[in-house]
Amino acid sequence: MTALSDLLAALRVKDEYIERELLLLTACQYGRASDRSKLASMRDLSFSAKTYITRGDAVAEVNLNISTVPCGPMGYASPSEVAPELLERMWQGPRAS
């Protein structure tokens, strides 16, 4: 999970949010994909990652590179744009009025 925490840190996600995400992932379960668009995007990212790995890029570089690729199911925003915002919303809790 070090690669994930390194990537989230590089995306400027707060340390406390990274710690919370890592705790949640310790009990991760996998299931059958139901959204073909998301599945296709994941497949495309895996092809890109394989290309970077084949040319000898480090894991941290591969993660950063594929995090900037636009993703159709996210309105063609990149994971590097969307993830920090989603994590901020999820973990900051309700705001006082």
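How do the residues of the lining of the largest pocket divide into nonpolar, polar and charged, and what is the count of each? In this predicted model, the lining comprises 21 nonpolar, 6 polar and 3 charged residues. The pocket itself has a volume of about 920 Å³. A total of 30 residues line the pocket, and those nearest its centre are Leu4, Leu7, Met42, Leu45 and Pro79. Several helices contribute to this lining: helix 1, helix 2, helix 3, helix 4 and helix 5 each provide at least two residues. The greatest contribution is that of helix 5, which supplies 6 residues.

Helix 4, one of the contributors to the pocket lining, spans residues 59-67 and has Val62, Asn63, Ile66 and Ser67 as its buried residues. Because these residues cover an arc of only 125° around the axis, they lie on the same side of helix 4. The partners against which the buried residues of helix 4 pack are helix 1 (2-10), helix 3 (36-54) and helix 5 (79-92). These three partner helices are also among the elements that each supply at least two residues to the lining of the largest pocket.

Helix 2, which covers residues 15-25, includes Leu25. The relative accessibility of Leu25 is 34%, and this residue therefore counts as partly exposed, the limits of that class being 20% and 50%. Leu25 and Leu39 are 14 residues apart along the chain, and a distance of 20 Å separates their C-alpha atoms.

Backbone geometry was examined next in two loops. Most residues other than glycine have a negative phi. Arg12, in contrast, has a phi near 65°, a positive value in a residue that is not glycine. Arg12 is located in the loop between helix 1 and helix 2. With a relative accessibility of 76%, Arg12 counts as exposed, since the cut-off for this class is over 50%.

A positive phi, of about 65°, is likewise found at Tyr76, which is not a glycine either. Tyr76 belongs to the loop that lies between helix 4 and helix 5. Its relative accessible area is 63%, so Tyr76 is exposed. Positive phi values thus occur at Arg12 in the loop between helix 1 and helix 2 and at Tyr76 in the loop between helix 4 and helix 5.

Technical notes: Residues are numbered from 1 along each chain as its sequence is written. This is a predicted model: local features need pLDDT of at least 70, side-chain atom pairs count only at pLDDT 80 or more; totals for chains, interfaces and linings use all residues. Side-chain values use heavy atoms; hydrogens and water are left out. Buried means under 20% relative accessible area, exposed over 50%, partly exposed in between (1.4 Å probe, protein chains only). Helices (H or I, at least four residues) and strands (E, at least two) are DSSP runs, numbered from the N terminus. The arc is that of the directions from the helix axis to the C-beta atoms. Contact means heavy atoms within 4.5 Å. On a 1 Å grid over the protein atoms alone, a cavity is a set of points where a 1.4 Å probe fits but cannot get out, and a pocket is an open set with protein on both sides within 12 Å along at least five of seven lines; lining residues have an atom within 4 Å of a point. Grid points are joined across faces, edges and corners, and a volume is the space filled by probe spheres set on the points. Ala, Val, Leu, Ile, Met, Phe, Trp, Tyr, Cys and Pro count as nonpolar, Asp, Glu, Lys and Arg as charged, and the others, Gly among them, as polar.
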